[in-house]
Amino acid sequence: MPLWANVETMQQAKSVRDNVMDENKFNTFMPVPTASKDNPKYDPYRYWKGPVWIDQALFLREGLRNYGSYEDASLIAHKLFNNAQGLVGSDSIRETYNPETGEGLNATNFS
């Protein structure tokens, strides 16, 4: 959120960028899980322990753009739209997504 709100210093933004673009942490198949993949409590099916919320991932995308990380922002967007089950096509948009498979989780026809 601080990147999206454009309130970070460039040094802080770079640190966040380095962390979220790490494939062993947040740059998963379906990016930006709610808990880092290297967190012992990470679980791609448990609320706030791993599933991806589209709005949070889009805040990150916009935040990366705010600090000039256009290629990273584009990669995040492409991974979201290419890997989220139901985001494109005839399936319904889901509340959350499995960060490792893109499987839609929880409520259907969300937002």
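Which residues are exposed on the other side of α4? They are E71 and N82. The legends below describe close-up views of a predicted model.

**View 1. Helix α4 turns one face inward.** The buried residues of α4 are D72, A73, I76, A77, K79, L80 and N83. Down the helix axis they fall within an arc of 165°, so they line one face of α4. General helix geometry fits this kind of pattern: with 3.6 residues a turn, residues three or four places apart point the same way. The cover over the buried residues of α4 includes α2 and α3. On the other side, E71 and N82 are exposed. The length of α4 also agrees with expectation: its 14 residues should span 20 Å at 1.5 Å a residue, and its end C-alpha atoms are 20 Å apart.

**View 2. The largest nonpolar core holds 19 residues.** Those with the most contacts inside this core are M30, L60, L64, L80 and Y97. Three elements give two or more residues to the core: α2 (10-20), α3 (54-66) and α4 (70-83). Of these, α3 gives the most, with 4 residues. L80 also belongs to the buried residues of α4.

**View 3. Surroundings of Y97.** Beyond its neighbours within four places in sequence, Y97 is in contact with M30, P51, V52, I54, A84, Q85, L87, G102, E103, G104 and L105. M30 and Y97 are both among the core residues with the most contacts.

**View 4. Y47, W48 and W53 form a cluster of linked ring pairs.** The whole structure has 3 aromatic pairs. One of them joins Y47 and W53 edge-to-face, at 5.5 Å centre to centre and with 75° between the planes. The rings of W48 and W53 are stacked, because their planes lie at 10°, with centres 4.7 Å apart. W53 is buried, at 10% relative accessibility. Y47 is partly exposed at 40%, and W48 is partly exposed at 49%.

**View 5. W48 and N106 have positive phi values.** Most residues other than glycine have a negative phi. W48 departs from this, with phi near 60°. W48 sits in the loop between α2 and α3. N106 is not a glycine either, yet its phi is about 65°. N106 lies in strand β2 (residues 104-108). Its relative accessibility is 35%, so N106 counts as partly exposed.

Note on methods
Residues are numbered from 1 along each chain as its sequence is written. This is a predicted model: local features need pLDDT of at least 70, side-chain atom pairs count only at pLDDT 80 or more; totals for chains, interfaces and linings use all residues. Side-chain values use heavy atoms; hydrogens and water are left out. A nonpolar core is a set of buried Ala, Val, Leu, Ile, Met, Phe, Trp, Tyr and Cys residues joined through side-chain atoms within 4.5 Å. Buried means under 20% relative accessible area, exposed over 50%, partly exposed in between (1.4 Å probe, protein chains only). Contact means heavy atoms within 4.5 Å. The expected span of a helix is 1.5 Å times one less than its number of residues. The arc is that of the directions from the helix axis to the C-beta atoms. Rings of Phe, Tyr and Trp (its six-membered ring) pair if their centres lie within 6.5 Å; planes under 30 degrees apart count as stacked, over 60 as edge-to-face and the rest as tilted.
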